[in-house]
Amino acid sequence: MTSFKSGSGNLDFNSGSENASEAEETKDESESERPPESEGTAVDTKKNDVTELDPSERVEKQQPVTEYPYFIRRSNVTDERDHRIELHLRREISSQEAAFRNELATELGTDAVPKTDAREFALKFAFQHPERVAALMRDEGFGMLD
């Protein structure tokens, strides 16, 4: 059995273990004598009266975070990226990618940004700002012959 520093709590996650039952037996007796409190109520310990709390006083139980952000939960650059697209680029556009990734890395305070990440987030940005993409396309002559 692993020994933990005092105050660390019961970190044994096996609910059926002997440690869990031992922890139950060592509860403070005054805690076990108290009537059960339900969410949204308060108990007057002198009279044992249950009164409804003002809704602004209710403490919401926080839901545990079950999903971490993408860059934390992935183990490699292709995790959760099961869709692949082919992209044909003009040389003057593709030649800017290395400089773009270097600037992006500087902004993020890191040594390098993988191509896949840089490309995906550039595309995501474009999806969020179609008016800016349209302006770039008009600058290149899109719609002039319509």
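**A loop residue, two helix packings and an aromatic cluster**

Glu80 sits in the loop that runs between helix 3 (70–73) and helix 4 (91–94). In this predicted model, the phi angle of Glu80 comes out near 65°, a positive value in a residue other than glycine. Glu80 is also exposed, its relative accessible area being 53%, so the residue falls on the far side of the 50% mark that exposure calls for.

Stepping back to the whole chain, there are seven helices and two strands. Going along the sequence, these elements come in the order α-α-β-β-α-α-α-α-α. The chain has 146 residues, and buried ones make up just 8% of them. As for contacts with a separation of 6 or more, 20% are accounted for by residues 24 or more positions apart.

Helix 5 covers residues 97–108. With twelve residues, helix 5 stretches 16 Å from first C-alpha to last, close to the 16 Å expected at 1.5 Å a residue. What comes after helix 5 is Gly109, and here too phi is positive, near 70°.

Turning to its packing, helix 5 meets helix 6 (residues 115–128) at an angle of about 90°, and the two axes are 10 Å apart. That angle makes helix 5 roughly perpendicular to helix 6. On the helix 5 side, the contact is built from Glu97, Phe100, Arg101 and Leu104, and these meet Lys115, Ala118, Arg119 and Ala122 of helix 6. Sorted by class, this contact of helix 5 with helix 6 holds four nonpolar and four charged residues, with no polar ones.

Two of the helix 5 residues in this contact are worth a look one at a time. Glu97 belongs to helix 5 and is buried, at a relative accessible area of 17%; that value counts as buried because the class takes in anything under 20%. Leaving aside residues up to four places away in sequence, Glu97 touches Lys115 and Arg119, and both of these appear on the helix 6 side of the contact. Leu104 is likewise placed in helix 5, but its relative accessibility is 24%, so Leu104 counts as partly exposed. With residues up to four places away in sequence again set aside, Leu104 touches Val113 and Ala118. Leu104 and Ala118 are 14 residues apart in sequence, and their C-alpha atoms are 7.8 Å apart in space.

Helix 6 has a second partner in helix 7 (residues 130–139): here the packing angle is about 100° and the axes are 5 Å apart. Helix 6 and helix 7 are therefore roughly perpendicular to each other. Phe125, Ala126, Phe127 and Gln128 supply the helix 6 part of this contact, while Pro130, Arg132 and Val133 supply the helix 7 part. By class, the contact of helix 6 with helix 7 has five nonpolar residues, one polar and one charged.

That leaves the aromatic rings. A pair of rings is described by how far apart the centres are and by the angle of the planes. Searching the whole structure turns up two aromatic pairs. In one of them, the rings of Tyr70 and Phe71 have centres 5.4 Å apart and planes at 70°, so this pair is edge-to-face. The ring pairs link Tyr70, Phe71 and Phe121 into a cluster. Within that cluster, Tyr70 is buried, with a relative accessible area of 14%, whereas Phe71 is partly exposed, at 45% relative accessibility.

Conventions. Residues are numbered from 1 along each chain as its sequence is written. This is a predicted model: local features need pLDDT of at least 70, side-chain atom pairs count only at pLDDT 80 or more; totals for chains, interfaces and linings use all residues. Side-chain values use heavy atoms; hydrogens and water are left out. Helices (H or I, at least four residues) and strands (E, at least two) are DSSP runs, numbered from the N terminus. Buried means under 20% relative accessible area, exposed over 50%, partly exposed in between (1.4 Å probe, protein chains only). Contact means heavy atoms within 4.5 Å. Rings of Phe, Tyr and Trp (its six-membered ring) pair if their centres lie within 6.5 Å; planes under 30 degrees apart count as stacked, over 60 as edge-to-face and the rest as tilted. Axes are lines fitted to C-alpha atoms, for helices over the stretch in contact, and angles run from 0 to 180 degrees between N-to-C directions. Angles under 35 degrees count as roughly parallel, over 145 as roughly antiparallel, 65 to 115 as roughly perpendicular and the rest as oblique. Ala, Val, Leu, Ile, Met, Phe, Trp, Tyr, Cys and Pro count as nonpolar, Asp, Glu, Lys and Arg as charged, and the others, Gly among them, as polar. The expected span of a helix is 1.5 Å times one less than its number of residues.
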